[in-house]
Amino acid sequence: MRVPYVGRPDTQRWGIYAQAVAGWESILGRPAPAPTVLGAHGKPVLSPVLVEWLMGLPEGWVTDLGLPRTRALHVLGNGVVPQQAEAALRRLLCPHEWVLA
């Protein structure tokens with residue numbers, strides 16, 4: 001199911017990154033999550049759900065494991081972005097397609 005506002009730049013929320021966020025929303029077919037959550041001290045901290053979304057992982061791939069926020073960020077930070085892995089493998093397996101003229 002397509003969410004109506006997915007892929008529309010929201011400069012109020014994302015500022016100069018609105019176009020990039022909207023593009024990634026369109027590719028993934030789901031809206032960007034909130035960039036921060038309230039930390040233990042009541043201040044905004046980076047949301048693991050955003051990191052998971054930025055990496056193009058399925059919703060809940062890491063964040064539904066019940067890990068603490070910092071551990072989830074650690075796992076995500078040591079993870080692989082699937083699209084980058086695919087591009088790397090294509091380059092390694094088909095180097096003749098990447099020769100510059």
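How many positive and negative side chains does the protein have, and how far apart do the centres of the two sets lie? There are 9 positive and 7 negative ones, and the two centres sit 6 Å apart. Keep in mind as you go through these views that this is a predicted model.

**Figure 1. The whole protein, with its 5 helices and 2 strands.**
Follow the chain along its sequence and you meet the pattern α-α-β-β-α-α-α. The protein is more spread out than a compact globule, because its radius of gyration is 16 Å, well over the 13 Å that the globule rule gives for 101 residues. Along the principal axes, the C-alpha trace spans about 55 × 30 × 30 Å. Of the 101 residues, 25% count as buried. The accessible surface adds up to about 7,500 Å², and carbon and sulfur atoms own 62% of that. What about contacts with a separation of 6 or more? Residues 24 or more positions apart make up 33% of those.

**Figure 2. Helix H2 and its two sides.**
Start with the buried residues of H2: Ala 18, Val 21, Ala 22, Trp 24 and Glu 25. They sit on the same side of H2, because they cover an arc of only 165 degrees around the axis. Here's a handy bit of background: an α-helix has 3.6 residues a turn, so residues three or four places apart point the same way. Now look at the other side of H2, where Gln 19, Ala 20 and Ile 27 are exposed. What do the buried residues of H2 pack against? Their partners are H1, helix H3 (48-54) and helix H5 (82-93). Just after H2 comes Gly 29, which takes a positive phi of about 75 degrees.

**Figure 3. Ala 22, a buried residue of H2.**
This view zooms in on Ala 22, which belongs to helix H2, residues 18-28. Is Ala 22 buried or exposed? Its relative accessibility is 4%, and the cut-off for buried is under 20%, so Ala 22 counts as buried. Skip its neighbours within four places in sequence, and Ala 22 is in contact with Gly 7, Arg 8 and Pro 9. You can also find Ala 32 here, 10 residues away along the chain, with 8.2 Å between its C-alpha atom and that of Ala 22.

**Figure 4. Arg 8 and Pro 9, in the segment before H1.**
Both residues come before helix H1, which covers 11-14. Arg 8 counts as exposed, because its relative accessibility is 57%. Pro 9 has a relative accessibility of 42%, so it counts as partly exposed. Which residues does Arg 8 touch, leaving aside its neighbours within four places in sequence? Arg 8 is in contact with Ala 22 and Glu 25. With the same kind of neighbours left aside, Pro 9 is in contact with Ala 18, Gln 19 and Ala 22. Check the C-alpha atoms of Pro 9 and Gln 19: these residues are 10 apart along the chain, and the atoms are separated by 5.3 Å. For Arg 8 and Leu 67, which are 59 residues apart along the chain, the C-alpha separation is 32 Å.

**Figure 5. Pro 35, in the loop between H2 and strand E1.**
The loop with Pro 35 leads up to E1, made of residues 36-38. Pro 35 is partly exposed, because its relative accessible area is 28%. Leaving out neighbours within four places in sequence, you can spot its contacts with Arg 13, Trp 14, Val 45, Leu 46, Ser 47 and Leu 50. Val 49 is worth finding too: Pro 35 and Val 49 are 14 residues apart in sequence, with their C-alpha atoms 8.0 Å apart in space.

**Figure 6. Helix H4 and its buried residues.**
H4 runs through residues 69-77, and its buried residues are Ala 72, Leu 73 and Leu 76. Why do they line one face of the helix? Seen down the axis of H4, the buried residues fall within an arc of 100 degrees, so one face is where they end up. Look next at what they pack against, namely strand E2 (44-46) and H3. You have already met H3 in the view of H2, whose buried residues pack against it as well.

Notes:
Residues numbered from 1 in each chain as written. Predicted model: local features only at pLDDT ≥ 70, side-chain atom pairs only at ≥ 80, totals over all residues. Heavy atoms only, no water. Helix = DSSP H or I, 4+ residues; strand = E, 2+ residues; numbered from the N terminus. Buried < 20%, exposed > 50% of the residue type's maximum accessible area, 1.4 Å probe, protein only. Contact = heavy atoms within 4.5 Å. Rg over C-alpha atoms; globule rule 2.2 N^0.38 Å. Areas by Shrake-Rupley, 256 points an atom, 1.4 Å probe, with all protein chains shown as cover. Lys, Arg positive; Asp, Glu negative; His and termini not counted. Charge placed at Lys NZ, Arg CZ, Asp CG, Glu CD. Arc of directions from axis to C-beta.
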